[in-house]
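Please take a moment with the sequence and the model, and then follow the paragraphs below through a loop, a sheet, a core and a second loop.

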Amino acid sequence: MDAKGFVVPPGGGPVLSMAPGRSAALKLLSSETGESVVAFEETAPPGTETMFHLHHDSDEVVYVLSGEVTFKIGNEVTIGGPGGVAHAWKNTGAEACRVLFLYTPAPAGKFFEELLTRPTGEINGDEANEIRRRHRWEVIGPPPF
């Protein structure tokens, strides 16, 4: 792949509507980066939380742009920290948060790319877990908060 630069303007990129008040604007797609990176900006209302999970083939980098987000990484509850271990997050603030997620290499981020191709709305249970498995996610347990 030839090297190239990317400019994604504010509000740019395809938007995945995940739940009321929760969306992800995909800034870099795996097909644009030779499978090396997927990046998206997620907006999540207060109380939004994730399952405790890990990614087998990708590191995850998280940068909180606004709001307050609490992370559980391994057995430690913190704000921020490394990927590669079981982790989850929750918006513990009073307002919506904005978080930039980066997966490298790209396989774990392809979960969100696949969701872009599906009808709008929440996806849970066995169907969501099958999509996670395809992209090498492993759910370890329920939200730990």
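Glu32 sits in the loop between β2 and β3 of this model, which is predicted. Its relative accessibility is 29%, and because a residue counts as buried only under 20% and as exposed only over 50%, Glu32 is classed as partly exposed. A polar atom of the Glu32 side chain lies 2.9 Å from the backbone nitrogen of Leu29. Looking further along the chain, Arg132 is 100 residues away from Glu32, and the C-alpha atoms of these two residues are separated by 21 Å.

The two strands that this loop connects also pair with each other: β2 and β3 run in the antiparallel sense and share five bridges, and Leu28 has Ala39, in β3, as its bridge partner. Both strands belong to an open sheet of five strands, whose order is β1-β2-β3-β9-β5 and whose pairing is antiparallel. At the edges of the sheet stand β1 and β5 (59-66), each of which pairs on one side only, and neighbouring strands are turned against each other by 20 degrees on average, when direction is ignored.

From the sheet one can move on to the nonpolar interior. In soluble globular proteins, nonpolar side chains tend to be buried together. Here the largest nonpolar core has 23 residues, of which Leu16, Leu26, Phe40, Trp89, Tyr103 and Phe112 touch the most other members. Two or more residues of this core come from each of β1 (15-19), β2 (22-28), β3, β6 (69-73), β9 (97-104), α1 (110-116) and α2 (125-134), with the largest share, four residues, supplied by β9. Leu26 offers a view of the surroundings of one core member: leaving out residues up to four places away in sequence, Leu26 touches Gly12, Gly13, Pro14, Leu16, Ala39, Phe40, Phe112, Glu113 and Leu116.

Another of those core residues, Trp89, leads to a second loop, the one between β3 (38-44) and β4 (52-55), where Thr50 is found. Is Thr50 buried or exposed? Its relative accessibility is 11%, so Thr50 counts as buried, the cut-off for that class being under 20%. A polar atom of the Thr50 side chain lies 3.0 Å from the backbone nitrogen of Trp89. When neighbours within four places in sequence are set aside, the residues in contact with Thr50 are Arg22, Ala88, Trp89, Pro143 and Pro144.

Methods:
Residues numbered from 1 in each chain as written. Predicted model: local features only at pLDDT ≥ 70, side-chain atom pairs only at ≥ 80, totals over all residues. Heavy atoms only, no water. Buried < 20%, exposed > 50% of the residue type's maximum accessible area, 1.4 Å probe, protein only. Polar contact = N/O pair within 3.5 Å; in protein donor to acceptor, adjacent residues only side chain to side chain. Contact = heavy atoms within 4.5 Å. Core = buried A, V, L, I, M, F, W, Y, C linked by side-chain atoms within 4.5 Å. Pairing = 2+ DSSP bridges. Axes fitted to C-alpha atoms, helices over the stretch in contact; angles between N-to-C directions.
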